[in-house]
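User: Please take a close look at a single helix in this model, and then set that helix in the context of the rest of the fold.

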Amino acid sequence: VGSEMCIRDSYYQSQGDHTGGKYCYPSSSLAYSVLVFTCCALVCLAILVFGRVSNVLFPLLYRAMINRYSDVLEEVAEGEHVSTWGAFYPPALWYCVLWFLSGSGSGFLQSMRSYLWILVGQDTYRRTYIAVFGHLFDLSLDFHLRRKSGEIIRMTSRGISASQSVLSAILFYIIPTIVDCAIACVFFAMALDPWLALLFFV
């Protein structure tokens with residue numbers, strides 16, 4: 001623990017950054033890295049927003065699909081001819097497309113988001129590790145003889161992995177859950193009854 005605090009304090013003093021936040025985003029000197037990192041992060045956030053919108057669209061499309069089937073049954077009972085395409089289009093078709101994109105939290109877009117976030121995490125992991133190794137190699141030989149450099153590197157690896165897990169959990173699980181609850185409360189209050197929204201919130 002003492003060696004970890006020593007390397008941490010000396011590293012922060014040399015870098016002038018007590019938060020480590022600058023390693024969460026690539027340096028502006030690498031334009032390509034900034035572009036790739038920004039694009040991946042923005043696509044992940046866009047997919048996250050689309051997932052929240054799809055949670056609202058799913059029940060609406062399901063209702064439209066059931067209403068369409070009811071109309072088809074009435075038309076068939078009256079002797080009218082209804083084609084298969086006319087029975088399934090448009091609500092059932094859009095429901096299937098939406099299910100393919102983000103159904104059950106494991107659709108195509110969710111898989112793409114997981115893949116892109118791996119690229120973001122790898123870039124952050126690489127830059128942080130390069131900074132830590134660069135600082136360790138700049139220290140004197142006496143430090144490496146008296147301290148356990150391998151233990152420091154192992155602790156750094158665990159810290160980076162833990163920070164990435166916490167950030168991923170906050171961005172893709174905790175915040176979306178809170179947003180979904182808020183959207184559901186607003187939808188219930190507008191479409192059904194405010195007391196039902198209050199009950200759902202509680």
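Analyst: The expected span of a helix is taken as 1.5 Å times one less than its number of residues. By that yardstick, helix 4 of this predicted model, which runs over residues 91-102 and has twelve residues, reaches 16 Å from its first C-alpha to its last, close to the 16 Å expected.

Within helix 4, the buried residues are Pro-91, Ala-92, Tyr-95, Leu-98 and Ser-102. Viewed down the helix axis, these buried residues fall within an arc of 125°, so they line one face of helix 4. An α-helix has 3.6 residues a turn, so residues three or four places apart point the same way. The face turned away from the buried side of helix 4 carries Cys-96 and Phe-100, both of them exposed, that is, with over 50% relative accessible area.

The packing of nonpolar residues comes next. The largest nonpolar core has eight residues, namely Phe-37, Cys-40, Cys-44, Leu-48, Leu-116, Trp-117, Val-120 and Phe-172. Two elements, helix 2 (31-77) and helix 5 (108-138), each give two or more residues to this core, and the largest share, four residues, comes from helix 2. Apart from this core lies another, of six residues, and Ala-92 and Tyr-95 are among its members, together with Phe-58 and Met-65. Both Ala-92 and Tyr-95 also belong to the buried residues of helix 4. In the largest core, Leu-116 touches Cys-40, Val-43 and Cys-44, when residues up to four places away in sequence are not counted.

Helix 2 also takes part in a polar link, since a search of the whole structure finds one salt bridge, in which the side chains of Asp-180 and Arg-52 meet at 2.7 Å, N to O. This pair links distant parts of the chain, with Asp-180 in helix 7 (residues 149-191) and Arg-52 in helix 2, 128 residues apart. Asp-180 counts as partly exposed because its relative accessibility is 25%, whereas Arg-52, at 17%, counts as buried, the cut-off for burial being under 20%.

As for the wider setting, the protein has eight helices and zero strands. Of the contacts with a separation of 6 or more, 66% are accounted for by residues 24 or more positions apart. Buried residues make up 29% of the 202 residues in the protein, and the accessible surface comes to about 13,400 Å², of which 70% belongs to carbon and sulfur atoms.

Note on methods: Residues numbered from 1 in each chain as written. Predicted model: local features only at pLDDT ≥ 70, side-chain atom pairs only at ≥ 80, totals over all residues. Heavy atoms only, no water. Core = buried A, V, L, I, M, F, W, Y, C linked by side-chain atoms within 4.5 Å. Buried < 20%, exposed > 50% of the residue type's maximum accessible area, 1.4 Å probe, protein only. Contact = heavy atoms within 4.5 Å. Areas by Shrake-Rupley, 256 points an atom, 1.4 Å probe, with all protein chains shown as cover. Arc of directions from axis to C-beta. Salt bridge = Lys/Arg side-chain N within 4 Å of Asp/Glu carboxyl O.
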